[in-house]
Each structure stands twice: as C-alpha cells, then as structure tokens.
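I wanted a short record of what I looked up in this model, going from the whole chain to its domains and then to the ligand.

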Amino acid sequence: MNAVRNLVILTGAGISAESGLATFRGPGGLWEGHRVEDVCTPEALAADPELVHRFYDARREALASVTPNAAHRALARLDTTWTGDLLIVTQNVDDLHERAGARRMLHMHGELLSALCAACGARVPWSGSLPPGAHCDACGAAALRPDIVFFGEMPYAMERIEQAVASADLFVSIGTSGAVYPAAGFVQLARHYGAETLELNLERSAGSDWFEETRLGPASALVPAWVDEMLG
Ligand code: APR
C-alpha cells in the first residue's frame with residue numbers, strides 16, 4: 001500500500017452484528033413480516049405512523065442492551081491515534097461508534113437517539129419511546145418523527161462526505177452489503193479520485209468487484225487486525 005494519510009471508512013450494519021443488533025438483509029433482517037424497505041419510507045410514515053414509530057421505538061430500546069464490540073473499539077483507537085485526516089461515515093443509526101470513543105464520524109442515515117421535526121427541521125436528542133405527534137420544542141408543531149433517513153430521502157452530510165472521499169488516499173468499507181446508494185457508490189468515487197480501496201466483510205458483497213482488495217471474515221477479527229497494520 002502507498003503512503004496513506006487521508007482515510008475514509010464507511011461502516012454498515014455488519015459492524016454492529018456481533019454486538020447483537022440485527023443486520024437488514026441477512027437472516028433475522030425482517031421485522032413483523034415487513035421488509036425494512038417497506039417500513040422505512042416517507043409513504044409508510046404517512047400511511048401508518050404508529051407502525052413506523054413502533055419499529056424505531058423497538059430499535060431504540062434494543063440499544064440499551066448492547067455494547068460496542070472489538071471492531072468499534074479498534075476504529076475508535078484508530079480515530080484517536082491517526083494523525084492524518086480521518087472520517088468514519090456510518091450508515092448505522094446506533095451509537096456504538098460513539099460509545100466506543102470514536103469522534104471523527106458522522107451518521108449519514110440519521111440516529112436512533114435523535115428526533116427530527118418534520119415541520120421545522122430541528123434535530124433534538126431523544127431517548128425512550130417517540131409516539132407520533134410529539135411536540136417540537138423549537139417550533140411547537142406536533143411533528144416529531146424518528147431522525148432516520150428513509151428510502152427516497154437525502155442522506156445527511158453528502159457534501160462533506162464526497163469531499164472527504166475525493167481527497168482520501170484509502171477508502172475502507174466495513175460490514176455493508178453495498179445494496180443501498182449513495183453509500184454503495186462511494187467506492188467508485190474513491191477510485192475515480194485515485195484512492196486505494198479495501199473491503200472488510202463477512203461475505204462478498206454487491207460491491208466487492210469495485211474494491212481492489214476484499215478480506216472476508218467477522219468484523220471483530222478483521223478490523224482490529226487492519227487497524228494494527230495501519231498504526232504499524
Ligand atoms: N462482520 C462483518 N460483516 C458482517 C457481519 C460481521 N460479523 N455480519 C454481517 N456482515 C455483513 C453481511 O454479510 C452484509 O454484507 O454486513 C452486511 C450487512 O448488510 P445490510 O444488512 O444490507 O446492512 P447495510 O449495508 O448497513 O444496509 C445499508 O440499508 O436499510 C438500509 O438504511 C439502512 O443503513 C442501512 C442500509
């Protein structure tokens with residue numbers, strides 16, 4: 001590998017699987033008989049807000065009984081030690097990267113521990129259940145919804161992410177199936193701008209062919225080993 005200074009790391013549900021949080025597309029990736037895509041759309045929220053809010057209440061509740069695993073901890077160690085630019089872009093809505101101690105990170109698909117006002121756009125920290133019609137402190141509207149980027153909505157921080165990917169020397173994807181855009185396209189962008197690309201995943205993904213190197217195995221083993229290599 002050439003000298004690497006600027007790193008972008010993309011994470012997906014696979015990095016939290018060994019903490020006990022279900023992935024979306026693997027076994028157990030269904031919820032009450034729905035595909036995640038069927039409950040994670042603006043249309044679903046409008047048609048059946050109770051169902052969608054309950055779905056996220058259950059996922060928020062599940063956070064209380066899980067802890068970061070060795071992969072989250074290794075990335076946090078890299079974050080606090082790496083002297084070059086580094087950005088961890090997670091598609092996950094859990095808070096396990098932060099709990100492990102990562103700071104240079106962002107949630108492109110939103111966060112379970114946040115509520116979004118559909119009327120004024122305010123984002124407020126949230127814990128516990130979030131019933132439909134909760135009031136926004138900023139504008140007073142009864143319009144708080146889960147702060148989750150639904151299918152068909154624009155992910156957060158795209159400009160910042162694209163800038164970071166464009167100036168990365170190395171782009172690493174961890175525990176994501178490469179099925180959902182725009183995140184699935186970051187590897188192509190990274191290559192376009194000359195970055196090296198590495199995938200760490202349990203199995204080959206829809207995007208594997210785009211990566212120069214793919215290492216297969218559980219994140220809890222692959223990520224600490226890769227971080228050791230990086231910190232050499
Ligand atoms: N270690 C590494 N990889 C794993 C592990 C593990 N222990 N367990 C599962 N994986 C891999 C799977 O093989 C799969 O390729 O993680 C990937 C998880 O894929 P998805 O369930 O599709 O999750 P993700 O890619 O994060 O989904 C993207 O889809 O529904 C939306 O918004 C949601 O952010 C999510 C997006």
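My entries follow in that order.

**Basis.** I am working from a predicted model, in which local features need pLDDT of at least 70 and side-chain atom pairs count only at pLDDT 80 or more, while totals for chains, interfaces and linings use all residues. Residues are numbered from 1 along each chain as its sequence is written.

**Whole chain.** I looked up the overall extent first and found that the C-alpha trace of the protein chain spans about 55 × 35 × 30 Å along its principal axes. The radius of gyration is 18 Å, which agrees with the value near 17 Å for a compact globule of 232 residues (taken over C-alpha atoms, the rule being 2.2 Å times the number of residues to the power 0.38). Of the 232 residues, 38% count as buried, that is, with 20 or more other C-beta atoms, placed from the backbone, within 10 Å of their own.

**Domains.** The assignment, automatic or from a database, gives domain 1 as 7-21 + 68-109 + 155-231 and domain 2 as 32-65 + 112-148. I noted that five residues from domain 1 and five residues from domain 2 take part in the contact between them (C-beta atoms, placed from the backbone, within 7 Å). The C-alpha centres of domain 1 and domain 2 lie 26 Å apart.

**Ligand.** I then turned to the 24 residues around the ligand, of which G12, G14, T23, T176 and S177 come nearest (a residue is near if its C-beta atom, placed from the backbone, lies within 6 Å).

How values were computed:
Two residues are in contact if their C-beta atoms, placed from the backbone, lie within 7 Å. A residue is buried if 20 or more other C-beta atoms lie within 10 Å of its own, exposed if 12 or fewer, and partly exposed in between; C-beta atoms are placed from the backbone.
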